[in-house]
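Me: I'm new to this structure and would like a close look at one part of it. Please take your time and walk me through what surrounds that part as well.

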Amino acid sequence: QTLRSFLSTLLRQAVSLFGRSLFATHTTDNNGTSPNMLASRLFPSLCARSLLRRSAVSPLTSLNASSRLYSASASGEHDAAEPTFLECVSMYFDKAAKLTGHDQDLLNSIRETDTLVSFTFPLKRDNGSVTTVKAYRAHHSGHRRPTKGGIRYSLLVNEDEVQALAALMTYKCAVVDVPYGGGKGGILIDPKTLSERELESITRSFTTELAKKNFIGPGIDVPAPDMGTGAREMAWIKETYQEFRPDDVNAMAVVTGKPLEHGGIRGRTEATGLGVFYGLRELLHQEAVAKSVGLTPGVEGKRIIVQGFGNVGFYAAKFFHEAGAKVIGIIEYDGFVYHEDGLDIQKLKEHQTQTGSILDFANCQKSVRGAAEGLKALELECDVLIPAALEQQITRHNAHNIKAKIIGEAANGPTTPEADRILADKGVIILPDMFLNAGGVVVSYFEWLKNISHVRFGRLSRRFESRRGDALIAVLEKTLGQELPPRDREVLMRGGTEKDFVYSGLEDTMIEALATIQDIAVRKETDYRTAAYISAIDKVANVLKGRDRVFSA
């Protein structure tokens, strides 16, 4: 006890010293790391609390600038006539649950969030002030472990949103047969108003809090990028977790969406947008479906409008553009651009990167400024509308005016239940979010498997496949009595790379999941969203029933 007391006192003194000197100097060693930076990385929450005791505190949200808002419903000014995001998810769930035949108590246990944690921690700003940061993490369902879900940095983060997104993750994973429970996290900040050092401090403090509560780990809960976060933040999370669990051989699997050098996987960056493309492409190639909405089968020539030009919206638009579709409109928070013959997506992205906006793009017919005008652009004539921004963008206010024949929900919860009913009455086909934007978690699963197995996909098979291709070429050329064209030889000789396996696995997953949804939709005589929920509920229920049999035996 004396030794424990001595070590505890020593640690408190060390942390206090670290805290008093924290951020007082920016002097770095040859590796670019100062002792103060090292202290803040190892003990981010403790160092910040040392500062907090000596500083006036103001809430960080009061210092943030306006966030990227697409509509009034996304701005936090909730329309009382529309349900909240969490209520929307529950309403969709309840509609599907009635068609499953499962016991109501079981359905209630599936619907409710298992665990929600919220905490506040201090942040030392670059200007010397100290502010407080509010954060959340929800585990919706532990029927499978680990739980899985992104972390978003946004001023729209709240308990309801986190729980709704965690629930969607449970259902999403079940729909595409990824063996995870659903989770979600969020921090109430505007990342555009914070420096890289401040964002790193917030991220590491958040991870520290999760680790202290045993709320994160390769077999417990595995975060991923979401709105306002990316590979950089995931690397910070991994590094911080490894400081807490240096003996965990699988620590690299604590988070997905990492940079390649931190154990990431090729194809993860574009995964969600690619999954959107695969799902919609498969639907558009079905002759009966295309004819039911007055379209010819196939992607080529289809008129596409995408709302949101971040990661998901950009890659969805890019893959459609490369497949021969006409991406005629791109909508962002500050307006939209339009060209009836299709926009050059790569050039538009370069313009956005250079100027910070899609507006005033040289190669477009219209460039219209204003959030309200951007929202109205959802109502433009098109074949496929892809909302890839925020939740509750298509509501009872604008659903009657939507002219798209197919809506592909690349965002989470972009359509409210009343809007969903209106669109169904109009004959609009909706591919729901819980299926269509699952590409991210599918490839995150592949990344997690890579980290757990400690081997890159293709490492054991690529050369073998290449040699087998050589042998096949030799047989074909001997049989034909002539050499194959160089392009054919290259295809046959090429072994599968990690990216090839990722793309192939994602494509197969999206095609199989859509087939299951369509089969349920036909059998239950319902829409695709309800069918997707039925698929998810049945799969989760079967796991829970099996678990009950184990513990009641």
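How do the residues of the lining of the largest cavity divide into nonpolar, polar and charged?

Reply: Happy to dig in. Keep in mind that this is a predicted model. The lining of the largest cavity splits into six nonpolar, two polar and three charged residues.

Let's put names to that. The residues that line the largest cavity are Phe 85, Cys 88, Val 89, Tyr 92, Leu 168, Glu 409, Gly 413, Thr 415, Asp 433, Arg 529 and Tyr 533. Two elements, helix H4 (85-97) and H20, each give two or more residues to that lining. H4 has the largest share, with four residues. As for volume, the largest cavity comes to about 60 Å³, and a search of the whole structure turns up two cavities of 30 Å³ or more.

One of the lining residues deserves a second glance: Cys 88. Its relative accessibility is 3%, so Cys 88 counts as buried. Another cysteine, Cys 364, has 16% relative accessibility and therefore counts as buried too, since the cut-off is under 20%. If you were wondering about disulfides, the structure holds zero of them.

Now step from the cavity to the second largest pocket, where some of the names come back. About 440 Å³ of space lies in this pocket. Its lining has 18 residues, and Asp 420, Ala 424, Val 428, Asp 527 and Tyr 528 are the ones nearest its centre. H4 and H20 turn up again here, along with helix H14 (417-425) and strand E13 (429-431), as the elements giving two or more residues to the lining of the second largest pocket. That lining divides into nine nonpolar, four polar and five charged residues.

H20 also leads us to the packing of the protein. The largest nonpolar core has 93 residues, and Phe 320 and Ile 330 touch the most other members. Helix H20 (residues 528-552) gives the most to this core, ten residues. Apart from it there is another core, of 25 residues, including Ala 211, Phe 215, Met 234 and Val 255. As a general background point, nonpolar side chains in soluble globular proteins tend to be buried together.

What does Phe 320 touch? Setting aside residues up to four places away in sequence, its partners are Phe 277, Leu 280, Leu 284, Val 299, Ile 304, Ala 325, Val 327 and Ile 386. Two of those names, Val 327 and Ile 386, are also contacts of Val 306. Val 306 sits in strand E7 (residues 303-307), and it counts as buried because its relative accessible area is 0%. Leaving out neighbours within four places in sequence, Val 306 is also in contact with Gly 313, Ala 317, Gly 329, Ile 330, Ile 331 and Ala 388. Here's a nice example of the chain coming back on itself: Val 306 and Leu 385 are 79 residues apart in sequence, yet their C-alpha atoms are 6.1 Å apart in space.

A little further along the chain is Gln 392, in the loop between strand E11 (384-387) and strand E12 (406-408). Despite being in a loop, Gln 392 counts as buried because its relative accessibility is 6%. Its C-alpha atom is 8.7 Å from that of Asn 412, which is 20 residues away along the chain.

A charged residue can be tucked away as well. Glu 233, in helix H8 (residues 231-244), has 3% relative accessibility, so it counts as buried. Beyond its neighbours within four places in sequence, Glu 233 is in contact with Tyr 153, Thr 203 and Gly 228.

Two loop residues give you the opposite picture. Asp 177, between helix H6 (159-175) and strand E5 (181-187), is exposed because its relative accessible area is 57%, over the 50% cut-off. Asp 360, between helix H12 (345-355) and strand E10 (366-369), is exposed too, at 55%. Phi is positive in both: about 55 degrees for Asp 177 and near 65 degrees for Asp 360. In general, most residues other than glycine have a negative phi, and most peptide bonds are trans. On that last point, a cis peptide bond joins Arg 145 and Pro 146, with Pro 146 in the loop between strand E3 (130-139) and strand E4 (147-153).

Finally, zoom out. The protein chain has 20 helices and 13 strands, and 54% of its 553 residues are buried. Of the contacts between residues at least 6 apart in sequence, 70% join residues at least 24 apart.

Conventions:
Residues are numbered from 1 along each chain as its sequence is written. This is a predicted model: local features need pLDDT of at least 70, side-chain atom pairs count only at pLDDT 80 or more; totals for chains, interfaces and linings use all residues. Side-chain values use heavy atoms; hydrogens and water are left out. A nonpolar core is a set of buried Ala, Val, Leu, Ile, Met, Phe, Trp, Tyr and Cys residues joined through side-chain atoms within 4.5 Å. Buried means under 20% relative accessible area, exposed over 50%, partly exposed in between (1.4 Å probe, protein chains only). Contact means heavy atoms within 4.5 Å. A disulfide is a pair of cysteine sulfur atoms within 2.5 Å. On a 1 Å grid over the protein atoms alone, a cavity is a set of points where a 1.4 Å probe fits but cannot get out, and a pocket is an open set with protein on both sides within 12 Å along at least five of seven lines; lining residues have an atom within 4 Å of a point. Grid points are joined across faces, edges and corners, and a volume is the space filled by probe spheres set on the points. Ala, Val, Leu, Ile, Met, Phe, Trp, Tyr, Cys and Pro count as nonpolar, Asp, Glu, Lys and Arg as charged, and the others, Gly among them, as polar.
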